[in-house]
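Please examine the sequence and the structure shown here before reading on. The paragraphs that follow proceed from the outline of the whole chain to individual residues.

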Amino acid sequence: MAAEFTVNFNPNAVMARIEGAEEAALARVSQEVMDDSNLYCPQNEKTLIQSSLDNSDLNNGIVQWVMPYAPYLYYGKLMVAPNGSAWAKHGESKTVTGTPLNYSPDMNANACAMWFEKAKDIHGKEWTETYEKELKGGI
């Protein structure tokens with residue numbers, strides 16, 4: 001005895017579900033990237049970390065630290081004005097030296113240069129696993 005059945009396939013609905021799962025997975029991983037990176041971010045008054053909270057666009061996978069001194073701290077090399085001072089006048093250019101910055105452990109014992117790279121080395125596999133889990137769970 002043969003049975004008959006009909007399969008209705010809606011490719012637009014499938015694509016919408018996949019795209020929704022991708023967006024949710026990206027936002028979740030971006031949150032983890034930011035949180036984990038901030039574990040190694042230098043702190044003084046926490047304005048640098050706060051800038052990541054205020055300026056990142058997690059839904060689009062953008063994590064950023066937006067302060068004038070952020071690149072200086074991120075790359076971790078002393079920059080000096082033409083007179084050799086670490087302080088520069090407004091509009092004055094600085095030159096990067098080979099001298100590494102020293103990060104105070106007072107506010108964050110884990111603070112280091114290139115804090116995203118440090119977080120990626122330690123947590124990168126977890127980020128991949130989170131993305132895959134979120135993507136599979138949303139489909």
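The protein has a radius of gyration of 22 Å, whereas a compact globule of 139 residues would have one near 14 Å. This is a predicted model, and the values given here are computed from it. Along the principal axes, the C-alpha atoms fill a box of roughly 95 × 30 × 25 Å. Of the 139 residues, 27% count as buried. The protein exposes about 9,800 Å², and carbon and sulfur atoms supply 54% of that area.

The secondary structure comprises 4 helices and 2 strands. Along the sequence they follow the pattern α-α-α-β-β-α. Contacts also link distant parts of the sequence: among those with a separation of 6 or more, 58% are between residues 24 or more positions apart.

Helix H2, which spans residues 47–55, serves as a starting point for the interior. Which of its residues are buried? They are Leu-48, Ile-49, Ser-51 and Ser-52. These residues lie on the same side of H2, because they cover an arc of only 155 degrees around the axis. A general property of helices is helpful here: an α-helix has 3.6 residues a turn, so residues three or four places apart point the same way. The buried residues of H2 pack against three other helices, namely H1 (11–38), H3 (70–75) and H4 (115–138).

The nonpolar residues of the interior may be considered next. In soluble globular proteins, nonpolar side chains tend to be buried together. In this model, the largest nonpolar core contains 15 residues. The members that touch the most other members are Tyr-40, Cys-41, Leu-48, Trp-65, Leu-73, Trp-115 and Trp-127. Helices H1, H2, H3 and H4 each supply at least two residues of this core.

Trp-65 illustrates how such a residue is surrounded. Leaving aside neighbours within four places in sequence, Trp-65 is in contact with Cys-41, Leu-48 and Trp-115, and also with Ser-37, Asn-38, Ser-51, Ser-52 and Ala-70. Of these partners, Leu-48, Ser-51 and Ser-52 are among the buried residues of H2.

Beyond the end of H2, attention turns to Ser-56, which lies in the loop between H2 and H3. Is Ser-56 buried or exposed? Its relative accessibility is 16%, and it therefore counts as buried, since the limit for that class is under 20%. A polar atom of the Ser-56 side chain lies 2.7 Å from the backbone oxygen of Ser-52. The side chain of Ser-56 also reaches the backbone nitrogen of Gln-64, at 3.0 Å. When residues up to four places away in sequence are not counted, Ser-56 touches Met-34, Ser-51, Ile-62, Val-63 and Gln-64.

Finally, two loop residues deserve notice for their backbone angles. Most residues other than glycine have a negative phi. Lys-46, in the loop between H1 and H2, has a positive phi near 65 degrees although it is a residue other than glycine. Met-114, located in the loop between strand S2 (95–100) and H4, is likewise not a glycine and has a positive phi of about 50 degrees. How accessible are these residues? Lys-46 counts as partly exposed because its relative accessibility is 47%. Met-114 also counts as partly exposed, with a relative accessibility of 35%.

Conventions: Residues numbered from 1 in each chain as written. Predicted model: local features only at pLDDT ≥ 70, side-chain atom pairs only at ≥ 80, totals over all residues. Heavy atoms only, no water. Buried < 20%, exposed > 50% of the residue type's maximum accessible area, 1.4 Å probe, protein only. Arc of directions from axis to C-beta. Contact = heavy atoms within 4.5 Å. Polar contact = N/O pair within 3.5 Å; in protein donor to acceptor, adjacent residues only side chain to side chain. Rg over C-alpha atoms; globule rule 2.2 N^0.38 Å. Areas by Shrake-Rupley, 256 points an atom, 1.4 Å probe, with all protein chains shown as cover. Core = buried A, V, L, I, M, F, W, Y, C linked by side-chain atoms within 4.5 Å.
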